[in-house]
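Subject: Structure for your records

Dear colleague,

Please find the structure below, together with its sequence. My notes on what was found in it follow directly underneath.

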Amino acid sequence: MKLKIETKHKSEMIDITKTVTEAVIKKGIKSGLVTVFVPHTTASIILFENIDPQLRRDFLEALGRIAPASQTYHHQGENAAAHIKSALCGARVVVPMENAKLQLGEWQGIFLCEFDGPRERTVIVQVING
Ligand code: ZN
């Protein structure tokens, strides 16, 4: 199934755990391996700490130190830094689901990372039954 998510900033992290869980349950699926994937090269899907929003700022700033926007890049577009961040963070996670509950740790959430927003992003969720 495909989810559409509007991002609002150039760079941000959006907790999509609830959206993903609801989408899976709506399909009548209660257990299996849930894969969450973005078909984009300037966005990512990661697991991240889900309580402290300041930690999201810290993470985005840390990525900004690895691939600063101000750097000169060979890429023709203006979004080389976003491509690099996206490649480092990855495009998917896989999370087991049991009894209609994602088996995430207490502090884990599924996050869509935007590195070149704002724009509409597609998130593909699929379940391998088991
Ligand atoms: Zn580009």
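F37 stands opposite R92 in strand β5, and T35 stands opposite V94 in that strand. Before going further, please bear in mind that this is a predicted model, in which local features need pLDDT of at least 70 and side-chain atom pairs count only at pLDDT 80 or more, while totals for chains, interfaces and linings use all residues. Residues are numbered from 1 along each chain as its sequence is written, and side-chain values use heavy atoms, with hydrogens and water left out.

Strands here are DSSP runs of E with at least two residues, and helices are runs of H or I with at least four, both numbered from the N terminus; two strands are said to pair if DSSP finds at least two bridges between them. On that basis, strand β3 (residues 32–37) pairs with β5 in the antiparallel sense over 6 bridges. On β5 (residues 92–98) the side chains alternate, so that V93, V95 and M97 point to one face and are buried, whereas R92, V94, P96 and E98 point to the other and are not; buried means under 20% relative accessible area, exposed over 50%, and partly exposed in between, with a 1.4 Å probe and protein chains only.

Strand β5 also pairs with β6 (residues 101–102), in the antiparallel sense and over 2 bridges, and the bridge partner of E98 in β6 is K101. These two strands, β5 and β6, form a hairpin with 2 residues between them, and N99 in the turn has a positive phi of about 50°. They belong to an open sheet of 5 strands in the order β1-β8-β3-β5-β6, with antiparallel pairing, and its edge strands are β1 (2–6) and β6, each of which pairs on one side only.

Another open sheet has 3 strands in the order β2-β7-β4, again with antiparallel pairing. Its edge strands, β2 (12–15) and β4 (43–49), each pair on one side only, and the twist averages 35° from one strand to the next, where axes are lines fitted to C-alpha atoms (for helices over the stretch in contact) and angles run from 0 to 180 degrees between N-to-C directions. Strands β4 and β7 (residues 108–114) run antiparallel and are joined by 7 bridges, and the bridge partner of L47 in β7 is I110.

As for the metal site, the protein donors of the zinc ion are H75 (NE2), N79 (OD1) and H83 (NE2), which lie 2.0 to 2.3 Å from it. Donors are N, O and S atoms within 2.8 Å of the metal (3.2 Å for Na, K and Ca), and sites may look incomplete because water is not among the atoms. Along the chain the donors follow the spacing H-x3-N-x3-H. H75 is partly exposed, with a relative accessible area of 40%, and H83 is partly exposed as well, at 24%.

Finally, K27 lies in the loop between α1 (17–26) and β3, and counts as exposed at 57% relative accessibility. K27 and A69 are 42 residues apart in sequence and 41 Å apart in space, C-alpha to C-alpha.

With best wishes
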